[in-house]
Amino acid sequence: MRRLMFLLTVCMTLILLAPRLAPFDPMRTDTTSALHPPDALHLLGTDHLGRDVLSRVLYGSQRTLFVAGSAATTALLIGVLLGMALSGWPVVRRLLMPLITALLALPSLLLALVLLTVWGQSLAPLIAALIVPQVPVVAQTIQSAIRPLAAADYVTASRSSGAARHQVLRWHIWPNLMPFVQRYAGILFSQMLFQAGALSLLGLGGEVGIPDWGAMLADGRQSFLYAPWTVLAPGLLMVGCVVGVNWVLNRDQNRG
Amino acid sequence: MIPRLAATLLTVWLALTLTFVLLRLVPGDAIAAQFEGSANPQAAELKRAALGLDQTPLMQYVSYWAGLLRGDFGVSLASGLPVTEILAQRWPSTLLLTGSSMVFAVVLGASMGMIAGWGKGWTARLAALYSALALSIPSYWTATLALLLLGRWFANPAYSLLPAAIIGIHSGGVIAQVFGASLRDIRTADYIRVAHAKGLSQRAVLGRHALRPALAPVVMVIALQTGYLMSGTIITEMIFQRAGVGLLLRDAVLGQDYPVVQGIIVILTVLYVMLTFAAEMCVWWLDPRVRDLSWADAAA
């Protein structure tokens, strides 16, 4: 857990200090210095509207990481509970499994597209549009992770000695499921980060002008052939975040 | 077998009904956009009546299924062309891209997974690094970088498989991850130690004892990745500028062209259901241990 706390502290400091660290206003456009390559003044160059890329990635981290983090946490919470309910109670499985398979068959971007057009484009609908298509995936994954655990003799023993379903889930299944959930949390975080970026590429992720790594990638698509710095910085940060989070979650586990 | 088939049909019906309802939750329709600012408000009403959009949602739903069961997907609200005709134009490109990506992914994933799960030393570590990286980088970023670095080659028809290779690298990482993990688990199983102890060569142990059960989760992940790539074509086709089903789906959702969206979803859902069913059959054949379980599960 120490590594996790350390990484979280560093990230939170950077995110919270973004307004102080950023050398420029991330929204200030200056068409006279558009697509300026990195130099001493603009350390990471400027984008097609002359906005400072460094300031934008610093400010953008706030929105990007908040969206991915809260979507991943909520989807994990609902999905794990749902997955446990599905494997514990056959009634729940019989009622909900058809719906879950149907949702799995629909492209997640279709669901997100429709939700975003119905609810409008702002922060809360964006997070919801990331969560809704993901919950069935998490529930399904958790359910198949529980299956081999539920076959253990001590589960049968506990059930036949009169333990209720929720007690078996809490005291026999959950402790063995925990390591998997921890590893899965990292994967889920990266998927939410990427999916938010994909929505931005479709022109649905962000609000106009507000900095966000996905939106920066989308903006940079017009100019990246002659100004690659506009897509390199947000992309590298995305990859760095994902590698960092997964490293911490997996390392902790290996140490036990 | 029969309960399995019924569940499959229920899935397809639910997915299509969900799509039908979801699309109609969005306010406005395609006709309003076409006649926006038109001097003749009656023209829009006439067009709606001609397309059956003036009926209640329930009636539209009934006639949608009546058409679907006859194999009639309706006409596009935007262009007036039959949906089947539009789909026939767009599907080959998407199928080609997804199919060739999966070929790359399976070849890459199988070899890297084998090295990571069965090998030793730095080659195994390198293979594990590949799958970790493939999972940590969004495919649209790799695609953007590839366009940046290899831009000239994309214009060359001799390299038309380049987009497929780039997408394949990422799906291959997922396959390698699952294959490597399942091989590592099996490697320590008692029956593998017995096989080693009775003097079988590495190759014989792998081929005769380890490979078959290790492949079961891989088959499942290949099916899921194929479905994932199919629905992910929205992004890949946008980046590589290929006129396939993905772009069609995006434009149809944004333009509220219900029949086109529904037509695409019918095919996607049926493909997904068929893929997972085929994968389950493969697993059943590959790993005899799941046979008892899956039948007990179905009976419960």
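# Exercises on a two-chain helical model

B:Leu215 counts as buried, because it has 20 C-beta neighbours inside 10 Å. That's the warm-up; a bit of housekeeping comes next. This is a predicted model, where local features need pLDDT of at least 70, side-chain atom pairs count only at pLDDT 80 or more, and totals for chains, interfaces and linings use all residues. Residues are numbered from 1 along each chain as its sequence is written, while chains are lettered from A and ligands numbered from 1 in the order in which they are written.

## Exercise 1: Three residues of chain B

Task: place B:Leu215, B:Gln241 and B:Gln256, and decide whether each is buried or exposed.

Solution.
- Start with the rule: buried takes 20 or more other C-beta atoms within 10 Å of the residue's own, exposed takes 12 or fewer, and partly exposed lies in between, with C-beta atoms placed from the backbone.
- B:Leu215 sits in helix α10 (residues 202–240) of chain B. As said above, its 20 C-beta neighbours inside 10 Å make B:Leu215 buried. From B:Leu215 to B:Tyr272 it's 57 residues in sequence and 20 Å in space, C-alpha to C-alpha.
- B:Gln241 lies in the loop between α10 and α11 (245–254) of chain B. B:Gln241 counts as exposed because it has 10 C-beta neighbours inside 10 Å. Check its backbone too: phi is positive, about 55°, although B:Gln241 is not a glycine.
- B:Gln256 belongs to the loop between α11 and α12 (258–286) of chain B. Phi of B:Gln256 is also positive, near 55°, and this residue is other than glycine. With 21 C-beta neighbours inside 10 Å, though, B:Gln256 counts as buried.

## Exercise 2: The overall build of chain A

Task: work out how many helices and strands chain A has, and what share of its residues is buried.

Solution.
- Count DSSP runs, numbered from the N terminus: helices are H or I runs of at least four residues, strands are E runs of at least two. Chain A comes out with 10 helices and zero strands.
- For the extent, take the principal axes: the C-alpha atoms of chain A fill a box of roughly 75 × 40 × 25 Å.
- Burial next: 44% of the 256 residues of chain A count as buried.
- Finally, contacts, meaning C-beta atoms (placed from the backbone) within 7 Å. Among the contacts in chain A with a separation of 6 or more, 65% come from residues 24 or more positions apart.

## Exercise 3: Two helix pairs in chain A

Task: describe how α4(A) packs on α6(A), and how α8(A) packs on α9(A).

Solution.
- Two packed helices are described by the angle between their axes and the distance between the axes. The axes are lines fitted to C-alpha atoms, for helices over the stretch in contact, and the angles run from 0 to 180 degrees between N-to-C directions.
- First pair: the axes of α4(A) and helix α6 (residues 123–150) of chain A come within 9 Å and cross at roughly 120°. So α4(A) is oblique to α6(A). The classes are: under 35 degrees roughly parallel, over 145 roughly antiparallel, 65 to 115 roughly perpendicular, the rest oblique.
- Who's touching? A:Ile100, A:Leu103 and A:Leu104 of α4(A) meet A:Pro136, A:Val137, A:Ala139 and A:Gln140 of α6(A). By class, that contact has six nonpolar, one polar and no charged residues. Here Ala, Val, Leu, Ile, Met, Phe, Trp, Tyr, Cys and Pro count as nonpolar, Asp, Glu, Lys and Arg as charged, and the others, Gly among them, as polar.
- Second pair: α8(A) and helix α9 (residues 213–220) of chain A pack at about 40°, with their axes 8 Å apart. That makes α8(A) oblique to α9(A).
- The α8(A) side of this contact includes A:Ala196 and A:Gly197, and the α9(A) side includes A:Trp213 and A:Gly214. The contact has seven nonpolar, three polar and no charged residues.

## Exercise 4: The interface

Task: say how many residues each chain brings to the contact between A and B.

Solution.
- Chain A gives 33 residues and chain B gives 32 residues.
- On the chain A side, α4 (90–105), α5 (108–119), α8 (165–201) and α10 (229–255) each supply at least two residues.
- By class, that side has 25 nonpolar, seven polar and one charged residues.
- For the complex, the predictor gives an ipTM of 0.82 and a pTM of 0.85.

## Exercise 5: Where to be careful

Task: find which helix of chain B has the lowest confidence.

Solution.
- Use pLDDT, the predictor's confidence in each residue, from 0 to 100. The mean for chain B is 84, and 94% of its residues reach 70 or more.
- The lowest is helix α13 (residues 289–299) of chain B, at a mean of 48.
- Over residues 293–300 of chain B, pLDDT stays under 50, and the model has three contacts beyond four places in sequence for them.
- Where pLDDT is low, the predicted coordinates should not be read in detail.

Definitions and conventions:
Contact = placed C-beta atoms within 7 Å.
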